[in-house]
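Here's a friendly walk through a structure you may not have seen before. Have a look at it first, and then we'll go through some of its residues and strands.

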Amino acid sequence: MKKEKVIEKLEKHCSEKLYVRLTRKKGGFEGTSTGFILDKSSDFILLQETDEFRVLGYQVIPIQTIKHVRYNKNDKTIHRILKEEGLISEVKAKYKVDLTDWNSIVKDIKATELTIISECEHPKQNFFCIGLLKRINKKSISIRYFNAQGILDKKNTKHNFEDITKLSFDDRYANVFSKYLRE
């Protein structure tokens with residue numbers, strides 16, 4: 001799909017609050033995200049994720065990684081079911097996130113004091129970092145990572161903005177897990 005068409009569809013879905021299925025690609029990775037676009041800038045979208053008829057947390061996605069925007073009969077059916085289940089009322093931005101650039105985005109997310117998940121989904125790099133956002137630099141962030149046993153790293157993990165394909169926050173997995181962390 002041409003970049004202009006992608007942007008046009010993102011704007012339509014954002015303004016009309018339609019359920020959307022996004023195909024995201026960067027380098028050798030391809031992934032999908034589903035949900036509702038709550039806000040959009042020239043470079044980023046704020047998506048409230050949905051999965052299995054549940055309204056979940058938030059994802060900031062760079063527009064340059066979005067290759068296809070889908071809203072077909074299947075997606076219209078999911079939208080209708082979410083509406084009939086009374087879940088559309090849960091679709092809303094609980095936080096103001098300035099989508100101008102990575103610095104403004106992470107400053108606003110850091111202010112929430114929520115656990116974040118920073119991902120680079122490229123097969124050669126493939127990082128998933130969950131933890132508290134500790135530092136914001138010009139070109140990167142530092143996160144106090146915790147592992148699958150909930151043990152916090154002694155040192156922060158640095159992620160360069162250019163490598164991030166998705167940044168999630170107020171996600172049920174991260175929120176619940178972060179209550180059980182230990183040194």
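## A walk through the model

Let's start with Asp-39, which lies in strand β2. Strands (E, at least two residues) and helices (H or I, at least four) are DSSP runs, numbered from the N terminus. Before going further: this is a predicted model, where local features need pLDDT of at least 70 and side-chain atom pairs count only at pLDDT 80 or more, while totals for chains, interfaces and linings use all residues. Residues are numbered from 1 along each chain as its sequence is written, and side-chain values use heavy atoms, with hydrogens and water left out.

Back to Asp-39. Its relative accessible area is 26%, so it is partly exposed. The scale is simple: buried means under 20% relative accessible area, exposed means over 50%, and partly exposed is in between (1.4 Å probe, protein chains only). Leaving aside neighbours within four places in sequence, Asp-39 is in contact with Cys-14, Phe-44, Ile-45, Leu-46, Lys-96, Val-97 and Leu-99. Contact here means heavy atoms within 4.5 Å. As for Lys-124, 85 residues away along the chain, its C-alpha atom is separated from that of Asp-39 by 30 Å.

**The strands around β1 and β2**

Strand β2 covers residues 29-40, and 8 bridges join it to strand β1 (residues 19-26), with the two running antiparallel. Two strands count as a pair if DSSP finds at least two bridges between them. One of the matched positions is Arg-24, whose bridge partner in β2 is Gly-31. The two strands form a hairpin with 2 residues between them, and Gly-27 in that turn has a positive phi of about 60°.

Strand β1 also has a partner in β5 (residues 66-70): 4 bridges join them, again antiparallel. Over there, Arg-21 has Arg-70 as its bridge partner in β5.

**The strands around β8**

Is β8 mostly covered or mostly uncovered? Strand β8 (residues 140-145) is mostly covered, with 5 of its 6 residues buried. It pairs with β7 (residues 127-136) in the antiparallel sense over 5 bridges, and a hairpin of 3 residues joins β7 to β8. Within that pairing, Gly-131 has Tyr-145 as its bridge partner in β8. Strand β8 is also joined by 4 bridges to β9 (residues 157-160), running antiparallel, and there Ile-141 stands opposite His-159.

**Loop residues to look for**

Phe-53 has a positive phi of about 60° although it is not a glycine. Glu-113 likewise has a positive phi, near 60°, and is a residue other than glycine. Asp-170 is another loop residue to find. Here is where these three sit and how accessible they are.

| Residue | Loop between | Relative accessible area |
|---|---|---|
| Phe-53 | β3 (44-51) and β4 (54-62) | 41%, partly exposed |
| Glu-113 | α3 (102-112) and β6 (116-120) | 68%, exposed |
| Asp-170 | β10 (166-169) and α4 (172-177) | 12%, buried |

Which residues does Asp-170 contact, leaving aside its neighbours within four places in sequence? They are Gly-57, Tyr-58, Lys-94, Tyr-95, Leu-114, Thr-115 and Asn-175. Tyr-95 is 75 residues away from Asp-170 along the chain, and their C-alpha atoms are separated by 9.7 Å.

**Stepping back to the whole chain**

How many helices and strands does the protein chain have? There are 4 helices and 10 strands. Read along the sequence, they follow the pattern α-β-β-β-β-β-α-α-β-β-β-β-β-α. The radius of gyration is 16 Å, close to the 16 Å that the globule rule gives for 183 residues, so the chain is as compact as a globular protein of that length. That radius is taken over C-alpha atoms, and the globule rule is 2.2 Å times the number of residues to the power 0.38. Along its principal axes, the C-alpha trace spans about 50 × 35 × 30 Å.

Of the 183 residues, 45% count as buried. Looking at contacts with a separation of 6 or more, residues 24 or more positions apart account for 56% of them. The chain exposes about 10100 Å², and carbon and sulfur atoms supply 47% of that; accessible areas come from the Shrake-Rupley method with a 1.4 Å probe.
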